Amino acid sequence: MPIKKQELQFIKELYGTKARLLWSGYLRRDPVARLQLEPGRLDPYPLYEQIRSRGRVSRTPFGHFVTVDHEICNEVLRSRDFGVGEDARDKSLSLLDLNPPDHTRLRRLVAPDFSVRTIGRYTPRIEAVLQNLIKDVPRDDPFDLVSVVAAPLPIAVIADLLGIPDADADEFARHGTEFGSALGGIQSLAHAQRLAATRKRLAEIFAGIFELRRKEPTDDVVSRIVNSDGTVRPEEMVPLCTLLLIAGFETTVNLIGNTVLALLSNPDQWRMLVEQPELAERAIEEGLRYDSPVQRTGRLATADTEVAGVPFKQGDWIMTAIGGANRDPAVFTDPARYDLHRDNAEDHLSFSGGVHYCLGAALARLEAGIALRTIVTEFPELALAGPRERRPGSLIRGMQHFPVRAPRSAVMV
Ligand code: HEM
């Protein structure tokens, strides 16, 4: 079949962008390009420091701006003079790709379902899912913390919240990885095809649930979306539910994994938590700051404006590198250190800010806090057990496989 003009254009743009990235990253060793390549996937933190040394805001090789400055990131994310658009992100991620008033219209409808109060009701369910997962953990033999605990927990909880019956954790984890890696830009034609197949499959799953909820509405968020009397347009329903589903687990899995890794890499901090499991929420907050599951986002200036004395023109695009802002020494003392007792860990920007502030922050904190408390209580002698495999892509940071071991003798202590 001959390639259509549109497809040819897509291929040209895709590989043109990739070639520019490779050129700037590997030949010119530009840190912003390297962030989006293998060096950024493996360890973005030295790259953030290189970017910081260039000034509070600097130019990228692609003519955009970049910042790892906490104050500037925070202000840009909250400013009404900046919106979403024009970055490499795949369009159609619902709320994430919308500006007010469309954004406000959709967000208002679903926000009550994610408030601290509503989410608190899920505590018993989260504890029950965890106990069920923990009982399968092999004693003495190494196991993969990601596939055994960190991934299936948030999948089960968000599937429950959206009323998806018998959610297949492995299948959803695969869909999540496709979407997650697409957030940092489509990598190849094969990647675009896999993403299209994932979208189609999720649309099929949701079509069945929508039909059910139209006929028999319940008190859940999907019933509110499909019976919203036009607040949500028909073409907005699948993208909105897809976002809630994918955002609901794709990031939380990494919050659990990254925090456990930080703790096991700092044995004094792990022991402190073993002795005081009630510090689990603090440990998660510092985990968010120290190794953010979402490393960056971006904003487009919608008007000529100024942030912390830096002028921007309408149409300027800026990469707000959250992971770098979370290690800004102007805000965090000794920022490269994981410190359970840091008194301002919650000043991190890992949930972004402004109108796009993470809708699921309360759910993520609750799930990860309970998960960490359970892990540290059940497996006080947990230890690293071999090399870890990082996820593909550098925008979402976490492990694909995380081998650990929970020695039997210690479990009985
Ligand atoms: C550790 C876990 C999580 C992290 C680090 C995280 C991070 C983020 C970030 C950084 C954004 C904003 C991106 C931007 O400003 O461009 C965001 C938005 C969002 N998150 Fe989360 N998230 C997490 C968990 C969740 C969960 C559990 C849900 C549950 C549904 C969720 C749902 C959403 C939604 C719907 C948005 C879009 C909000 C909007 O545009 O108005 N997230 N999240």
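The ligand in this predicted model is surrounded by 28 residues, and the closest of them are H103, T297, S352, H356 and C358. By class, the shell is made up of 16 nonpolar, nine polar and three charged residues. Several elements contribute at least two residues each to that shell: helix 6 (102–110), helix 14, helix 15 (252–265), strand 5 (297–301) and helix 19. Helix 14 gives the most, with four residues.

Now for the metal. The iron atom of the ligand has a single protein donor, the SG atom of C358, at 2.3 Å. C358 sits in the loop between helix 18 (322–325) and helix 19 (361–378).

The oxygen atoms of the ligand also have polar partners in the protein. Here are three such pairs, in case you want to check them in your viewer.

| Residue | Part of the residue supplying the N or O atom | Distance to a ligand oxygen atom |
|---|---|---|
| L95 | backbone | 3.5 Å |
| R107 | side chain | 2.7 Å |
| H356 | side chain | 2.6 Å |

H356 thus appears twice in this picture: it is among the closest residues to the ligand, and its side chain places an N or O atom 2.6 Å from a ligand oxygen atom.

Let us turn to how the helices pack. Helix 14, which gives the most residues to the ligand shell, also meets helix 12. The axes of helix 12 (residues 189–215) and helix 14 (residues 234–250) come within 10 Å and cross at roughly 105 degrees. With that angle, helix 12 is roughly perpendicular to helix 14. On the helix 12 side the contact is made by L202, A203, F206, F210 and R214, while helix 14 brings M237, V238, C241, T242, L245 and I246. Sorted by class, the residues of this contact are nine nonpolar, one polar and one charged.

Helix 15, another contributor to the shell, packs against helix 16 (residues 267–275), their axes coming within 5 Å and crossing at roughly 110 degrees. These two helices are therefore roughly perpendicular to each other. L263, L264 and S265 of helix 15 make this contact with P267, Q269, W270 and L273 of helix 16. Five of the residues involved are nonpolar and two are polar, with no charged residue.

Helix 16 has a second partner in helix 19: the two pack at an angle of about 90 degrees, with their axes 9 Å apart. That angle makes helix 16 roughly perpendicular to helix 19. Here W270, L273 and V274 in helix 16 meet L372, I375 and V376 in helix 19. What classes do the residues of the contact of helix 16 with helix 19 divide into? There are six nonpolar residues, no polar and no charged. W270 and L273 belong to the contact with helix 15 and also to the one with helix 19.

Finally, two backbone details deserve a look. Most residues other than glycine have a negative phi, and most peptide bonds are trans. In this model, a cis peptide bond joins P100 and P101, with omega at about 5 degrees. P101 lies in the loop between strand 3 (82–83) and helix 6, and helix 6 is one of the elements that supply residues to the ligand shell. The other detail concerns D140, whose phi is near 80 degrees, a positive value in a residue other than glycine. D140 is found in the loop between helix 8 (123–134) and strand 4 (143–144).

Terms used
Residues are numbered from 1 along each chain as its sequence is written. This is a predicted model: local features need pLDDT of at least 70, side-chain atom pairs count only at pLDDT 80 or more; totals for chains, interfaces and linings use all residues. Side-chain values use heavy atoms; hydrogens and water are left out. Donors are N, O and S atoms within 2.8 Å of the metal (3.2 Å for Na, K and Ca); water is not among the atoms, so sites may look incomplete. Axes are lines fitted to C-alpha atoms, for helices over the stretch in contact, and angles run from 0 to 180 degrees between N-to-C directions. Angles under 35 degrees count as roughly parallel, over 145 as roughly antiparallel, 65 to 115 as roughly perpendicular and the rest as oblique. Contact means heavy atoms within 4.5 Å. Ala, Val, Leu, Ile, Met, Phe, Trp, Tyr, Cys and Pro count as nonpolar, Asp, Glu, Lys and Arg as charged, and the others, Gly among them, as polar. A residue is near a molecule or strand if one of its heavy atoms lies within 4 Å of it. A polar contact is a pair of N or O atoms within 3.5 Å; within protein, one must be able to donate a hydrogen and the other to accept it, and residues adjacent in sequence count only if both atoms are side-chain atoms.
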